[in-house]
Amino acid sequence: MTTNENGNYTGKVAFVTGAANGIGRATALAFARKGAHVVVADISEQGNQETARMIEDLGGRVIAVKCDVTRASDVKAALSKTIETFGRLDFAFNNAGVEQKNAATAEIEEEEWDRIVNINLRGVFLCMKYEIPLLLKQGGAIVNTSSGAGVIGIKGGAAYTAAKHGLIGLTKSAALDYASQNIRINAVCPGYIDTPMMGRFTGGTDEGRAKVIAEEPIGRMGKPEEIAAAVVWLCSDAAAFVVGHAMVIDGGQTVQ
Ligand code: NAP
């Protein structure tokens with residue numbers, strides 16, 4: 001295993017889900033800028049191809065794979081393609097996720113509950129299930145995307161909040177399972193980040209954005225690159241003693 005103490009990931013391979021947009025795209029680009037080969041995986045083929053082109057423009061090596069994280073067959077095929085192309089897996093960023101339709105708990109349709117938990121929680125479990133055997137070969141790191149909704153309740157968002165809280169429990173338990181085997185597993189908990197998902201959440205209006213920004217002590221939304229920087233750091237040897245941590249990156253939103 002080459003060292004990455006200085007954040008140099010030359011020779012390393014990073015697998016990123018939800019890479020067609022927002023936080024996943026920014027993180028895929030951040031890994032590429034550090035010299036890693038990147039596998040971008042997303043259900044959205046067009047955006048995923050665009051991310052791959054952006055990495056190629058940086059001079060990076062990348063493959064784009066269509067992958068619905070709720071389908072074990074897709075996840076297995078995407079990881080097989082990773083090994084076939086690059087021969088190894090060092091880092092996985094399990095980030096694909098979707099927002100919930102705003103509804104009080106008793107008004108959440110059963111199908112909506114299942115959709116949210118299936119993508120946001122079970123999808124991450126499936127990814128880890130098939131990534132870990134590959135990471136065990138030489139060690140590595142996993143980062144899962146939880147949310148501020150992983151550490152506080154959100155009115156009108158019980159399904160999303162339950163999935164994101166669950167994701168922190170999953171991360172902590174998996175971290176314990178593999179800490180002695182050279183795999184570190186952590187989570188990031190973003191606050192309001194300016195992505196296509198946030199555009200849907202705010203309705204894309206000035207008023208909607210202002211309402212969200214009013215909840216941020218720092219007075220602005222976060223940028224996807226600010227989450228990407230934390231993910232890349234969590235995968236580096238500088239974070240070698242960081243295990244099972246849920247890192248909140250939210251401009252102070254959840255400490256109020
Ligand atoms: P985004 O802009 O919507 O990007 C998410 C990507 O994941 C999209 O390309 C989406 O494709 C894809 N995706 C959806 N379902 C998938 C599936 N089943 N399999 C594979 N890919 C799938 O969202 P984002 O804001 O970057 O969010 C990324 C992660 O951060 C999510 O887990 C989200 O919950 C979390 N998060 C975001 C914020 C925020 O403020 N933005 C805050 C806290 C946590 P489609 O567009 O085709 O659905």
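Start by selecting Glu112, which counts as buried at 7% relative accessibility. Buried means under 20% relative accessible area, exposed means over 50%, and partly exposed lies in between, with a 1.4 Å probe and protein chains only. The model is predicted, so local features need pLDDT of at least 70 and side-chain atom pairs count only at pLDDT 80 or more, while totals for chains, interfaces and linings use all residues. Residues are numbered from 1 along each chain as its sequence is written, and side-chain values use heavy atoms, with hydrogens and water left out.

**Stop 1: Glu112 and its surroundings**

Glu112 is in helix H4. Helices (H or I, at least four residues) and strands (E, at least two) are DSSP runs, numbered from the N terminus. Now show Lys101 as well: its backbone nitrogen is reached by the side chain of Glu112 at 2.8 Å.

Next, select Glu107, Glu109, Glu110, Glu111 and Asp114, which form a negative surface patch. Patches consist of residues with over 30% relative accessible area and no salt bridge; like charges are joined within 9 Å, and nonpolar side chains (Val, Leu, Ile, Met, Phe, Trp, Tyr) within 5 Å. Asp and Glu count as negative and Lys and Arg as positive, while His and the chain ends are not counted. Within this patch, click on Glu107, in the loop between strand E4 (91-94) and helix H4 (110-135). Is Glu107 buried or exposed? Glu107 is exposed, with a relative accessible area of 57%.

**Stop 2: salt bridges**

Side chains of opposite charge can pair when their charged atoms come close. A salt bridge is a side-chain nitrogen of Lys or Arg within 4 Å of a carboxyl oxygen of Asp or Glu. How many salt bridges does this rule give? The count comes to 8.

Select Glu50 and Arg25, whose side chains meet in a salt bridge of 3.4 Å, N to O. This pair links distant parts of the chain, since Glu50 is in helix H2 (residues 45-57) and Arg25 in helix H1 (residues 22-33), 25 residues apart. Glu50 is partly exposed at 31% relative accessibility, whereas Arg25 is buried, with a relative accessible area of 16%.

Move to Asp90 and Arg88, where the side chains form a salt bridge at 2.7 Å, N to O. Asp90 is buried, at a relative accessible area of 0%, and Arg88 is partly exposed, at 24%.

Then select Asp194 and Arg209, which meet in a salt bridge at 3.0 Å, N to O. Here too the pair links distant parts of the chain: Asp194 lies in the loop between strand E6 (183-190) and helix H6 (196-202), Arg209 lies in helix H7 (residues 206-213), and they are 15 residues apart. Asp194 is partly exposed, with a relative accessible area of 36%. Arg209 also counts as partly exposed, at 28% relative accessibility.

**Stop 3: helix H5 and the loop after it**

Select Ala174, found in helix H5 (residues 158-178). Ala174 counts as buried, at 8% relative accessibility. Add Gly244 and compare the two distances: Ala174 and Gly244 are 70 residues apart in sequence and 7.9 Å apart in space, C-alpha to C-alpha.

The last selection is Asn182, in the loop between H5 and E6. What is notable about the phi of Asn182? Phi is near 70 degrees, a positive value in a residue other than glycine. Asn182 is partly exposed, with a relative accessible area of 46%.

Notes: Areas by Shrake-Rupley, 256 points an atom, 1.4 Å probe, with all protein chains shown as cover. Charge placed at Lys NZ, Arg CZ, Asp CG, Glu CD. Polar contact = N/O pair within 3.5 Å; in protein donor to acceptor, adjacent residues only side chain to side chain.
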